[in-house]
Amino acid sequence: MLGWVGLFAGIGAAGTWLARRYALHRQLIDQPGERRSHTEATPRGGGIAIVVALLIAAVALGLRQPLDAPLLAAFVVALVMVAGIGWLDDHRPLSPWWRLLVHGLASALFALAAASVFDSPVLGVGAFVAAMVLTNVWNFMDGINGIAASQAALVAAVLAWVCGGSWGGLGLALAAACVGFLPFNFPKARIFMGDVGSGAIGFALAALAVVASARLGSRSWLILLPLSPFLVDAGLTLLRRVVRGERWWTPHTQHAYQAWARKRGHARVALAYAGAALTASALGLWLSAQSDTLFIACIVTAWYICCAFFWRWLQAERL
């Protein structure tokens, strides 16, 4: 296991270094602006290293475990679609509707495969929703140094533990690749993840969440806990923009983590969100020993309500 983790951490680090050289050569640079949280021109596209790590891991696991190969194959094709449209967008900005269309097709492909493999149309519908939501949530939340990669590493490690087997190995590969990427992005960003990375990471986490849900059965509510910092911030911020009649699909700096980072800095906020994810994961570990699904659902709901109040507090910029 240590060798597996070390291998993909190395791929993440080496790939990010190469991606930075490529981005500088091609002038793929994000400039500061009123709709961005950074203050220095920074190359983008480093997330391609994480995508490569995921593809290598998925192919290797599929070859080693033929029974898991069909769903892993669907995952690989869908991941290439999501990462591909992100890669194109990093080179030449595309309409958000084209990205959403490709995300929908990739999500539908994986959802159909999941429904077939697990013989559950309900899980297939859940897979489609999860893939669409998390693919875009990770893109929305990739706005300050280290936050998207650190959250992904933590969530992937938790989901790997729940999934076990081949999908557990894929989760560990994702977590390790994110750790390899982080030194280039935190605490000071020498390269950004870019759409190629954020969308692909969100999609990969959705796939892991689907498999974990199949493993947990009636206790699948627990999957929502490690995802809560991102789901609450992205969901409530998006809802507020829609209610205000704003162009919700355009870039902005209205997320709670962005408001907090303006006062406290990127590193402190990223670490605080990591702490929240770890706390939620510990709560999930305790709840996993409970047998009352209603009790589990109530605790998860209460946690989300608490997170919503904290989101409101952060939006008021009181910390």
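1. A salt bridge here is a side-chain nitrogen of Lys or Arg within 4 Å of a carboxyl oxygen of Asp or Glu. With that in hand, Arg99 and Asp89 form one through their side chains, at 3.3 Å from N to O. Arg99 lies in helix 4 (residues 96-117) and Asp89 in helix 3, so the pair ties together parts that are ten residues apart in sequence. Helices are DSSP runs of H or I with at least four residues, numbered from the N terminus.

2. A word on the basis: this is a predicted model, in which local features need pLDDT of at least 70 and side-chain atom pairs count only at pLDDT 80 or more, while totals for chains, interfaces and linings use all residues. Residues are numbered from 1 along each chain as its sequence is written, and side-chain values use heavy atoms, with hydrogens and water left out.

3. Are the partners of the first pair buried or exposed? Arg99 is buried at 18% relative accessibility, and Asp89 is buried at 8%. The cut-offs are under 20% relative accessible area for buried, over 50% for exposed and partly exposed in between, with a 1.4 Å probe and protein chains only.

4. The structure holds three salt bridges, and Glu246 is worth a look next. Glu246 pairs with Arg241, the closest N and O atoms being 2.9 Å apart, and its side chain also meets that of Arg244 at 3.7 Å, N to O. Arg241, Arg244 and Glu246 are thus linked in a network of salt bridges. Their accessibilities are 4% for Arg241, which is buried, 25% for Glu246, which is partly exposed, and 51% for Arg244, which is exposed.

5. Do also turn to the surface. Trp97, Leu100, Val242, Trp248 and Trp249 make a nonpolar patch of about 440 Å². Among them, Trp249 sits in the loop between helix 9 (224-243) and helix 10 (256-264) and is partly exposed at 31% relative accessible area. Such patches take residues with over 30% relative accessible area and no salt bridge, joining nonpolar side chains (Val, Leu, Ile, Met, Phe, Trp, Tyr) within 5 Å and like charges within 9 Å. Areas come from the Shrake-Rupley method with a 1.4 Å probe; for residues, only the protein chains shown count as cover.

6. One sequence-distant pair to check: Gln65 and Ser166 are 101 residues apart in sequence, yet 7.1 Å apart in space, C-alpha to C-alpha. Gln65 lies in the loop between helix 2 (48-64) and helix 3 (69-91), and is partly exposed at 37% relative accessibility.

Notes: Helix = DSSP H or I, 4+ residues; strand = E, 2+ residues; numbered from the N terminus.
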